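Hi,

Here is the structure I promised to pass on. Please have a look, and my notes follow below.

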Amino acid sequence: MELRHLRYFVAVANERNFTRAAEVLNIAQPPLSRQIRQLEEEVAAELFDRDARPLRLTEAGRLLYEHAVHVLAGVDQLRGMMRDHAGKGRRRFVIGFVGSTLFGLLPEVIRRFRATADHVEVSVIECSTVEQIAALKEGRIDVGFGRLRFEDAAIRRIVLMEEPLVAVVPVDHPLTQVGRPLHLAELMEEPLIIYPRPARPSYADQILSIFHDLGLQPEMVQEVRELQTAIGLVAAHTGLSIVPESVQRLKRDDVAYLPIAEKAAHSPIMMIHRAGDISAELARLIEISCELHASHREG
């Protein structure tokens with residue numbers, strides 16, 4: 001099966017007539033009919049009810065048409081993207097990030113970087129820290145922003161800041177009336193909702209390790225896929241959660257964000273890149289990231 005088979009098939013399906021489809025495609029009708037027969041032999045099914053006037057798609061034809069339209073649209077979009085890229089003559093600079101970093105300074109970092117790097121096409125992609133490491137080694141991204149500490153000789157990491165953690169509780173929870181930073185032991189009586197579930201090790205392991213380092217063992221732990229899901233379940237009185245301080249920007253009227261007393265309750269924001277990468281774009285991004293985070297810490 002080739003793309004031309006799908007294009008011919010979609011043209012006939014749209015026109016519901018071989019003669020008109022041939023005119024639209026600017027080819028003779030006999031070759032068009034042969035191409036459609038070849039396609040039917042390939043899929044081992046009749047695609048048109050040829051006795052109907054106008055032509056009607058068979059059930060197999062309707063199934064193929066639905067997918068063929070999407071395939072051709074994707075190919076056209078890809079062709080356009082590649083033409084745009086070739087026309088711009090710019091190389092791509094790809095930034096990976098974990099979702100929670102978007103609540104902090106990362107958006108401002110990217111805005112400033114874009115303003116000073118108009119000679120490259122800046123792309124961003126959400127992926128876990130573990131996925132970022134693999135993507136860096138394979139050349140799929142140029143830099144990553146995450147929270148997971150790790151050791152890898154091929155990757156250089158820069159700790160931009162240690163972000164305090166806060167507890168997320170329902171807005172009508174008794175803990176909102178305590179009037180002081182909470183101790184983690186006070187969160188042990190209810191289920192602890194952690195995220196993300198699929199990729200491990202992850203931020204979820206960071207949270208659990210903080211409890212374990214204090215000699216605490218949460219007995220009721222619920223793992224969910226995303227940050228927003230965790231907060232939504234807190235609002236539903238399913239349990240409590242712990243998130244980076246900057247997530248308070250995700251304002252909701254059904255949850256409260258409360259400070260935590262333990263000094264160990266923090267999560268690093270780290271920038272990672274390939275060891276030995278000395279590109280001018282990377283150097284500029286490091287400079288912007290360090291300056292913004294340093295100003296935030298001093299402020």
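The notes below go through the pocket first and then the nonpolar cores.

This is a predicted model, where local features need pLDDT of at least 70 and side-chain atom pairs count only at pLDDT 80 or more, while totals for chains, interfaces and linings use all residues. Residues are numbered from 1 along each chain as its sequence is written, and side-chain values use heavy atoms, without hydrogens and water.

The largest pocket holds about 580 Å³ of space. (A pocket is an open set of points on a 1 Å grid over the protein atoms alone, where a 1.4 Å probe fits, with protein on both sides within 12 Å along at least five of seven lines; lining residues have an atom within 4 Å of a point. The volume is the space filled by probe spheres set on the points.) It is lined by 26 residues, and Val 98, Gly 99, Glu 126, Pro 196 and Arg 225 are the closest to its centre. The largest share of the lining, three residues, comes from α6 (helices are DSSP runs of H or I, at least four residues; strands are runs of E, at least two).

The largest nonpolar core (buried nonpolar residues, Ala, Val, Leu, Ile, Met, Phe, Trp, Tyr and Cys, joined through side-chain atoms within 4.5 Å; buried is under 20% relative accessible area with a 1.4 Å probe, protein chains only) has 37 residues, with Leu 165 and Tyr 257 among those with the most contacts inside it. α7 gives the most to this core, six residues. A second, separate core of 23 residues includes Phe 97 and Met 271.

Best wishes

How values were computed
Buried means under 20% relative accessible area, exposed over 50%, partly exposed in between (1.4 Å probe, protein chains only).
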